[in-house]
Amino acid sequence: MLRSLKSKLWFIYRGLVWMKDNFFDNPKINSNIKSFSIGKTFNWEEIDCYSFWKWSEKILYFWWIHGNETGTVKLMNKWVNFVWEIESGTSFWNTQIFIIPCLNIDWYKQALKNPKYFSWWREGKTNAQDVDLNRNFPTFNWSPKSTLFAAGLYKEISWWTSPWSEWEIKALLNFIETEKVQTIYTFHNCWWTVFWRWTTSVNKKVKSYSKNSNYRVFADSEWDGLKPWQKTWQMMMWAEEKNIDVIEIEMKTRWWSEWELNKKALIKSLRI
Ligand SMILES: [Zn+2]
């Protein structure tokens, strides 16, 4: 009895999630805003990037490395529109910013077709080649075997041939190196936290983002408690070796933009 009531409530809740996601929180980028391509995905889609202001200090915001985290793209779309609107009104900023709303376009399209509102999503965290892009970074101890962690389950993945093997990661890293980007904000779902590691400058940026968004800072002890495959060969490890500040934000949900939660923190991030 209680069980069937619970499953009915769950069904209604997911239906409301579906409505909010599709009708009330589905931002698109203004078509007047110009973008350029940083490369192509495996399925030959252009990876768009938006650039605002021009200065030697460069910040990159990029989203959607994981195929089941569609809310990160929505937040991105809102951010592009917002920055575009304030760009002409502000004559001087100390930074140039780049925004790549969606890196893993191939699986983003799949996720939109099959969003799985009524069950846990345990597939689709990868790209079209079945590679978890956040384990494809050329870090010191890279290994061809890994364990994919999604929705509380682990799955062995051994397909990958080498780090930096995927088109999307090649395009991203090539862009970061060419532009000499020093700060990167990257987004995931859904741990409600901001991750920090290593340098004092990252620490400052992470604390500011946390304070202005109310996502809490992921503690050192929590990091130490993670399984090895949750923290190897990924962007933060790569950034440590390259001396680049990476701030990883884990949003609360997989489908929503969470714009109001992030807006203040994003604006503050422009001035740090
Ligand atoms: Zn993720």
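How many helices and strands does the chain have? In this predicted model, nine helices and ten strands are assigned to the chain. Half-burial describes the chain as a whole, with 50% of its 272 residues counted as buried. The accessible surface amounts to about 13700 Å², and carbon and sulfur atoms account for 57% of that area. With regard to the sequence separation of contacts, 77% of those between residues at least 6 apart in sequence join residues at least 24 apart.

Helix α1 comprises 23 residues, from 2 to 24. At 1.5 Å a residue, a span of 33 Å is expected for α1, and the C-alpha atoms at its ends are 32 Å apart, so the expected and computed values agree. Within α1, the buried residues are R14, V17 and D21. An α-helix has 3.6 residues a turn, so residues three or four places apart point the same way. The packing partner of the buried residues of α1 is helix α2, which covers residues 71–87.

A further site was examined in a loop. T126 is located in the loop that runs between helix α3 (105–113) and strand β5 (146–150). The relative accessible area of T126 is 5%; because this value falls under the 20% cut-off, T126 is classed as buried. The side chain of T126 also takes part in a polar contact, in which the partner is the side chain of D130, at 3.4 Å. T126 thus combines a loop position with a buried environment and a side-chain polar contact to D130.

Note on methods: Residues numbered from 1 in each chain as written. Predicted model: local features only at pLDDT ≥ 70, side-chain atom pairs only at ≥ 80, totals over all residues. Heavy atoms only, no water. Helix = DSSP H or I, 4+ residues; strand = E, 2+ residues; numbered from the N terminus. Buried < 20%, exposed > 50% of the residue type's maximum accessible area, 1.4 Å probe, protein only. Polar contact = N/O pair within 3.5 Å; in protein donor to acceptor, adjacent residues only side chain to side chain. Contact = heavy atoms within 4.5 Å. Areas by Shrake-Rupley, 256 points an atom, 1.4 Å probe, with all protein chains shown as cover. Expected span 1.5 Å × (residues − 1).
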